[in-house]
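Thanks for making the time this morning. I would like to walk you through one structure, starting from a single residue and working outward, so please keep the view open while I talk.

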Amino acid sequence: MKPIIAFILFGICAYIGYSKPSVIKRRLRTVDSMARNIKQLGMMMDYKLMPIRELIGGLGDGVFWRELLKNIKANDPLAETFLSTLEQLTKSNPQFTCLEQSDIWILSDFGATLGISDLKTQKNNIALTLERMDERIQSLKIELKEKEKTYRALGILSGIAAAMIIW
């Protein structure tokens, strides 16, 4: 019976060690996806003379943008709708619950001026947001590279130690 318990305990520890980097990977995918969509929005602003609300409709089927389009009301300020949608998703959607406060601040700063200022200011805001998000993406890649092996090794070693204690 002890070998079975030791094996199960080892498996649980190894699983935890291998699953921990997935949170960082999910955060990286989410930040990268939002950056690509914001970049696409900036490019659309260059070539299409349309209201920002209509441009957002052309951003594809990302979770955030779909929810934003659902939440947009005719006369509601776009910035407020953006911020409330971001807050809603960071509390309920697994893709966004993994975001850290620094990621949320970058997106909030971007959304706070969306649809409020002139075209030049919005494009400058997009450029600044993309620069900040690129820095964030690079730091997440470094964090993932550094911590992935550590988490896996820790999971396996703690599993071995637990199994040895049980056995």
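Cys-13, once its neighbours within four places in sequence are set aside, is in contact with Gly-155, Ser-158 and Gly-159. Before going further I should say that this is a predicted model, and that what I describe has been computed from it. Cys-13 itself is found in helix H1, which covers residues 2–47, and the C-alpha atoms of Cys-13 and Gly-159 are separated by 4.8 Å although the two residues stand 146 residues apart along the chain. Is Cys-13 buried or exposed? With a relative accessibility of 17%, Cys-13 counts as buried, because buried means under 20%.

Let me now step back to the fold. The protein has seven helices and zero strands, so if you follow the elements from the N terminus on, you read α-α-α-α-α-α-α. The radius of gyration is 21 Å, well over the 15 Å that the globule rule gives for 167 residues, and the protein is therefore more spread out than a compact globule. Taken along the principal axes, the C-alpha atoms fill a box of roughly 70 × 30 × 20 Å. Of the 167 residues, 38% count as buried, and among contacts between residues at least 6 apart in sequence, 67% join residues at least 24 apart.

With that in mind, we can turn to the interior. The largest nonpolar core has 34 residues, and those with the most contacts inside it are Leu-41, Ile-56, Phe-64 and Trp-65. Which elements give two or more residues to this core? They are H1, helix H2 (52–57), helix H3 (63–71), helix H4 (78–92), H6 and H7, and H1 gives the most, with nine residues. If you select Ile-56 and leave out residues up to four places away in sequence, you will find that Ile-56 touches Leu-41, Trp-65, Leu-68, Leu-69, Leu-78 and Leu-114.

Ile-52 is found in helix H2, and at 12% relative accessibility this residue counts as buried. Not counting residues up to four places away in sequence, Ile-52 touches Leu-41, Met-45, Leu-78, Leu-114, Gly-115 and Gln-122. For one of these partners, Leu-78, which lies 26 residues away along the chain, the C-alpha separation from Ile-52 is 8.8 Å.

The contact with Gln-122 takes us over to helix H7, where Gln-122 is found. Its relative accessibility of 9% means that Gln-122 counts as buried. Leaving aside neighbours within four places in sequence, Gln-122 is in contact with Met-45, Ile-52, Thr-113, Leu-114, Gly-115, Ile-116 and Ser-117.

Further along helix H7 we come to Met-133, which is buried, with a relative accessible area of 2%. Apart from residues up to four places away in sequence, Met-133 touches Val-31, Met-34, Ala-35, Ile-38, Ile-106 and Leu-107. Met-133 and Asp-103 are 30 residues apart in sequence, and their C-alpha atoms are 7.9 Å apart in space.

Met-133 also brings us to the empty space inside the model. Rolling a probe the size of a water molecule over the atoms shows where empty space is left. How many cavities of 30 Å³ or more does a search of the whole structure find? The search finds one, and about 40 Å³ of space lies in it, the largest cavity. Which residues line the largest cavity? The lining is made up of Val-31, Asp-103, Ile-106, Leu-107, Met-133 and Arg-136. Helix H6 (101–112) and helix H7 (119–166) are the elements that give two or more residues to this lining, and the largest share, three residues, comes from H6. Sorted by class, the lining has four nonpolar, no polar and two charged residues.

One last residue, and then I will stop. Glu-143 also has its place in helix H7, and Glu-143 is buried, with a relative accessible area of 17%. When neighbours within four places in sequence are left aside, Glu-143 is in contact with Ile-24, Arg-27 and Glu-148.

Key. Residues are numbered from 1 along each chain as its sequence is written. This is a predicted model: local features need pLDDT of at least 70, side-chain atom pairs count only at pLDDT 80 or more; totals for chains, interfaces and linings use all residues. Side-chain values use heavy atoms; hydrogens and water are left out. On a 1 Å grid over the protein atoms alone, a cavity is a set of points where a 1.4 Å probe fits but cannot get out, and a pocket is an open set with protein on both sides within 12 Å along at least five of seven lines; lining residues have an atom within 4 Å of a point. Grid points are joined across faces, edges and corners, and a volume is the space filled by probe spheres set on the points. Helices (H or I, at least four residues) and strands (E, at least two) are DSSP runs, numbered from the N terminus. Ala, Val, Leu, Ile, Met, Phe, Trp, Tyr, Cys and Pro count as nonpolar, Asp, Glu, Lys and Arg as charged, and the others, Gly among them, as polar. Buried means under 20% relative accessible area, exposed over 50%, partly exposed in between (1.4 Å probe, protein chains only). Contact means heavy atoms within 4.5 Å. A nonpolar core is a set of buried Ala, Val, Leu, Ile, Met, Phe, Trp, Tyr and Cys residues joined through side-chain atoms within 4.5 Å. The radius of gyration is taken over C-alpha atoms; the globule rule is 2.2 Å times the number of residues to the power 0.38.
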